[in-house]
Amino acid sequence: MSLKPQYNLKNLLDKLDHEELRTFKSLLKPLMEPGVDLRIFPWDEVEEASGSKLAEILEDRLPRASLRKTIWSILEKMELPQILEDVETPVIEEQMQREELKCREMEKSEDIEKPVIEEQMQGEELKCRETEKPDNTEGQSDARDSLARFWKSRFCLDHTYLSGVIERNRNLIPFLDPQVILRGRSVVLHGPPGAGKTTVARKLVLEWADGSLAHLFSWVFYLSCRELAQMAPCTLVELLSHEFPELESDVVQFLEEPQEALIIIDGLEKMSIPRLDSRIDLCMDWLEENPVPVLLSSLLQGTLVPNATLLITTTPSTLRELIPLVGQAQFCSIPGFSEADTQEFFLRHFRDQAQAQRALEAVQSNEALLAMSRVPSMCRLLCTCLEPVMERGEDPTTACQTSTALLLHFFQDQFCHPRSCPSALAPGLETLCRLAAQGLWAQTSVFYLEDLEKLGVQEISLHPFLDKCLIQKDLNYRYYSYSFIYPVLQQFLAALFYVLKPQDGEGRGRQPWDDNIEDVGKLFSREARLRNPGLAHAGHYLFGLLNRKRAQELEATFGCHIDLEIRQELLGCGAEESRPFLLQMEQSEVFSWLYESQDEELVREALAPFEEMSVILKSRQDLLHASFCLKHCPGLHKLTVQVVRGLFRENDGAQLSFYLKHGRFQSDSSCLSLWLDLCSSMCSNPNLSTLSINQSFLSSSSVQVLSQHLSSKTCLVNKVLIQYLTPEFIYPVLCLGLIGKQSLTHLALEGRIQEDWARLLLMLGEMLKNQHCGLQSLRLGTCCHATPQQWANFFLAVQASPSLTALDLTDNEILDQGSMLLCETLMQPLCSIQKLSLENCQLTQACCKKLASTLVVSQLTHLSLANNNLGDEGVKILCEGLNHPDCQLQSLVLRRCNIRKDGCRPLSRLLQTGCSLTSLDLSLNFIDSGLLMLCVALRRGNSMLRTLGLWGCAISPLYCQELAMALHDNQELHMLDLGQNNLGKTGVQVILEALKTSRTSLKILRLKMGESSEKMQNLLQEVKKHLPGLVIEEVTSSTVLSYWDFFSLSP
């Protein structure tokens, strides 16, 4: 229905006295229908206009449907019943006139058609008799024309400044492109709230009303889920014609004789549709009465109007449940604004280009706000929030520091006025926050009068928020409804609910308890947030509201009471949890929440339990959050940092040069500036002992910044792990910064270096030769392909370092020649190396004689030669050195060294001599029956072996009896790994039977158990009872374990 000029709007407004007209004008802006560009509305003319002049402005500027609704809302709010009747009566008269006109047109049509029909009957009498139904083509055409006129009066799109965006979104719809073959009957437009989905849907309706889509669809129906949410059960006919009941018979005829039709279901997320696996029966009869959700579900699944094309708009949160319902639908994402669109919007809003640019740059400095600016409706809200800030000449960057800060500015600007009474706002705020929280958990932004009645609240308490357009009031299918215009404001108010103390002062804002609102702990549940993405945003704002200064500002603005006791609940442990809440959450989320608070005291208290952290830096915002939080984390001992590719630009050298020259960066928000803050926080923490930087992509400037801070005297880090960094020049640059670092005791460098290995070895050599070097452990893994001479120079530096006791050269091409050079170093009296790893260094038995000699005169206690082709002969040669009385070796790793049964003979003789060896790993060697020789050594009393690794050694059940006897008699062995050996059920039982009565000291036994049985379980229980200190682990992994990590960087 529309308010036309002939309804005497001028007379209606002239009836208002001066004060009423002034009130009418004040309500005009907040109650204006959506879709009107308020920026170009002539508000100055409105302010000075008389009643008659105001009527002319409104009739000229507003579409008829929008005009009628606006006038109705204002007069109703002003409580002027007589004038309301004057508005309503002409509307009713218009309906009657339209019905009468329709009847006359139909009669006229019948008069014209009658002679034609008679003439046809004379020529084709038989055919006409067989035809029972009259030709209603023209009648249907009239009905479609009436429907088109209705849609034109129902919708208006005054978005000329967004026409390009709307057209771009419209072109995403596949059935509008004749070259696209539509898969299935449904198209789903999805995007965040406010992205423009409804605008596109209504544009299609208006295009059809103008005849542009007549070649595609004979009928178009538009169903708004928000408006239909309270509609009583009805038939499909009533649903499709609920806004134009006078066309109900035409809708029936359409359903009886299906034609090409488009049914638009707008805002599906606002309707609770039955799931596919629910037991609700679908409707197949369009005259059968059903709840609206059932009718919509039946439309989606094709049991009603199966030939119609469906256009569904919804948010991404509903896609998981929608996909099974729509089958072969095509999904189109509405992208919202591009960067250029956002810039154009700011320019149109602020008019002044410099002012618009400053405001836009402030938004771009906050990635969360930047994401909001890509949504058209949110972009408008951001401009509204920043407009007063810009008018006061304040720095918009400060206001945009966090999302919470900006929204607080917005509320203060809206409600903080000299003549305002804050205490009068408190009851309405409390009600609105409760409704926002209820809607958040129910995933709806709409509430109704009955919701207010349940809370015992009068509508008048919400008027301040209606006036400021935080919520809007609508008449939807005979029911008044209220809705939050912006999702972020609902999420903010829902978060406020959790800290708002009721006016009676008893308990927190969550009391008295509300069954429709979950506890604050559920707000941060991963499962709940997956189902309801709005919870994550509300949790974000909740931390922002924990700032004490902000709480005081809210109290001053609204006259309410904020209770921050919830801080302790969020920082502590839950009733059933042993660890603090924040320790159970993703690290990036924790940093994001704490940054949002901007409360240093809260951050220090929250991060106090954190001794280890892992930070992944993907964006500038991650850098900002991490640098802020790490400044307030004094208890941190171990930090792992990963920098994702693309964070730093390769050409950022100019920024660093500017900093070195002027002592500051050109932009404090640049990634390099934030990286400097982060490095400063890391390297100035006196308790940070371990720093790991792995799988990272750094620029030359960022490496220089890191190296500079690592070399500073304030950096007291003991252990540094540099692992798989790009580009490879990073390694020598960082080593250069570590030269002379007295606090550094452990250094690990891992990653494949193709070109800079010579400079790296040179830098490491300089580090080891420095008189202040206190390095104890050095790992150089998968790095170098140096020449023998370069290795020789490096080994000389190793010899010159009295503090270095552990050296790991795993995965380097040392070769036999290089190992012999290393042996010369190890044999020197000044060499302090005790732990050495030469895993996968391409060694053969040729180097074993030199190694054997080295074992006699060196200080080696741990040696790993894993993944080298030593063979049985190499083991035999090594045992000669191991058998020497001066040999101090305690741990020997010979994993995957091509040892077979013949190699076990010298090892068995060695163990029987009472040598110093206490740990031996023979995993992944095909020793087979060689186990029998090892069992002999284990049964003899001279073996000092405590750990024996036989993982994947092809041991068969045939040898389990001998092994069982050895375990029964041996009292030294503490750990035995038999994983990945197919011992069979019999073999395992034999071993367990022996353990039942043994006096063994075994603490850990690893077995591949196979299928369990009752007998096996009873046997295990008996063993456990006899040996309560023994842990029997069932091996399921196909990866061999390492028991000798000599170079661990753990604190």
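**Exercise 1. Burial**

Decide whether F411 is buried or exposed in this predicted model, using its relative accessibility of 2%.

*Solution.* The cut-off needed for this step is that a residue under 20% relative accessible area is called buried. F411 has a relative accessibility of 2%, and therefore it counts as buried. The same reasoning can be applied to F415, which counts as buried because its relative accessibility is 4%.

**Exercise 2. Aromatic pairs**

Work out how the rings of W151 and F244 are arranged, given the angle between their planes, and then do likewise for F411 and F415.

*Solution.* As a starting point, the structure holds 28 aromatic pairs. One of them is formed by W151 and F244, whose ring centres are 5.7 Å apart and whose planes make an angle of 85 degrees. Planes over 60 degrees apart count as edge-to-face, and this is the arrangement of W151 and F244.

The next step is to place the two residues along the chain. W151 belongs to helix 8 (residues 137-154), while F244 sits in the loop between helix 12 (236-240) and helix 13 (248-256), so that the pair links parts of the chain that are 93 residues apart. Both partners, W151 and F244, are buried.

For F411 and F415, the centres are 6.4 Å apart and the planes differ by 15 degrees. Planes under 30 degrees apart count as stacked, which is the arrangement of F411 and F415. These two residues are separated by about one helical turn, because they are four residues apart in helix 21 (residues 403-415). In general, an α-helix has 3.6 residues a turn, so residues three or four places apart point the same way. Finally, F411 and F415 belong to one aromatic cluster, together with F410, F465, F492, Y541 and F558.

**Exercise 3. Two helices that pack together**

Describe how helix 21 and helix 28 are oriented to each other, starting from the angle between them.

*Solution.* Helix 28 covers residues 548-558, and helix 21 packs with it at an angle of about 20 degrees, the axes being 10 Å apart. An angle under 35 degrees counts as roughly parallel, and therefore helix 21 and helix 28 are roughly parallel to each other. The crossing of helix 21 and helix 28 is left-handed. To see which side chains to look for, note that helix 21 contributes T404, A405, L408, F411, Q412 and F415, and that these meet R550, E553, L554, T557 and F558 in helix 28.

**Exercise 4. The surroundings of L493**

Find out which residues L493 is in contact with, leaving aside its neighbours within four places in sequence.

*Solution.* Begin with the position: L493 lies in helix 25 (residues 487-497). With a relative accessible area of 2%, L493 is buried. Its contacts, leaving aside the neighbours within four places in sequence, are F411, L429, L432, C433, A436 and F484. A further comparison of sequence and space is given by A538, which is 45 residues from L493 in sequence, while their C-alpha atoms are 8.3 Å apart.

**Exercise 5. Backbone details**

Locate the cis peptide bond that joins T726 and P727, and then examine Q695 and A954, which have a positive phi although they are not glycines.

*Solution.* The bond between T726 and P727 is cis, with an omega of about 0 degrees. P727 is found in the loop between strand 14 (719-726) and helix 36 (730-738).

Q695 has a phi of about 45 degrees and is placed in strand 13 (residues 690-697). Because its relative accessibility is 48%, Q695 counts as partly exposed. A954 has a phi of about 60 degrees, and it is found in the loop between strand 22 (947-949) and helix 44 (960-969). With a relative accessible area of 29%, A954 is also partly exposed.

**Exercise 6. Confidence**

Say where in the chain the confidence is lowest and where it is highest.

*Solution.* The chain averages a pLDDT of 84, and 85% of the residues score at least 70. Confidence is lowest in helix 7 (residues 125-130), with a mean of 37, and highest in helix 41 (residues 871-882), at 97. Over residues 505-512 the pLDDT is below 50, and this stretch has 24 contacts in the model beyond near neighbours in sequence. Residues 1046-1051 also have a pLDDT below 50, and that stretch likewise has 24 contacts beyond near neighbours in sequence.

Methods
Residues are numbered from 1 along each chain as its sequence is written. This is a predicted model: local features need pLDDT of at least 70, side-chain atom pairs count only at pLDDT 80 or more; totals for chains, interfaces and linings use all residues. Side-chain values use heavy atoms; hydrogens and water are left out. Rings of Phe, Tyr and Trp (its six-membered ring) pair if their centres lie within 6.5 Å; planes under 30 degrees apart count as stacked, over 60 as edge-to-face and the rest as tilted. Buried means under 20% relative accessible area, exposed over 50%, partly exposed in between (1.4 Å probe, protein chains only). pLDDT is the predictor's confidence in each residue, from 0 to 100. Contact means heavy atoms within 4.5 Å. Axes are lines fitted to C-alpha atoms, for helices over the stretch in contact, and angles run from 0 to 180 degrees between N-to-C directions. Angles under 35 degrees count as roughly parallel, over 145 as roughly antiparallel, 65 to 115 as roughly perpendicular and the rest as oblique. A crossing is left-handed if the near helix is turned anticlockwise from the far one by less than a right angle, and right-handed if clockwise.
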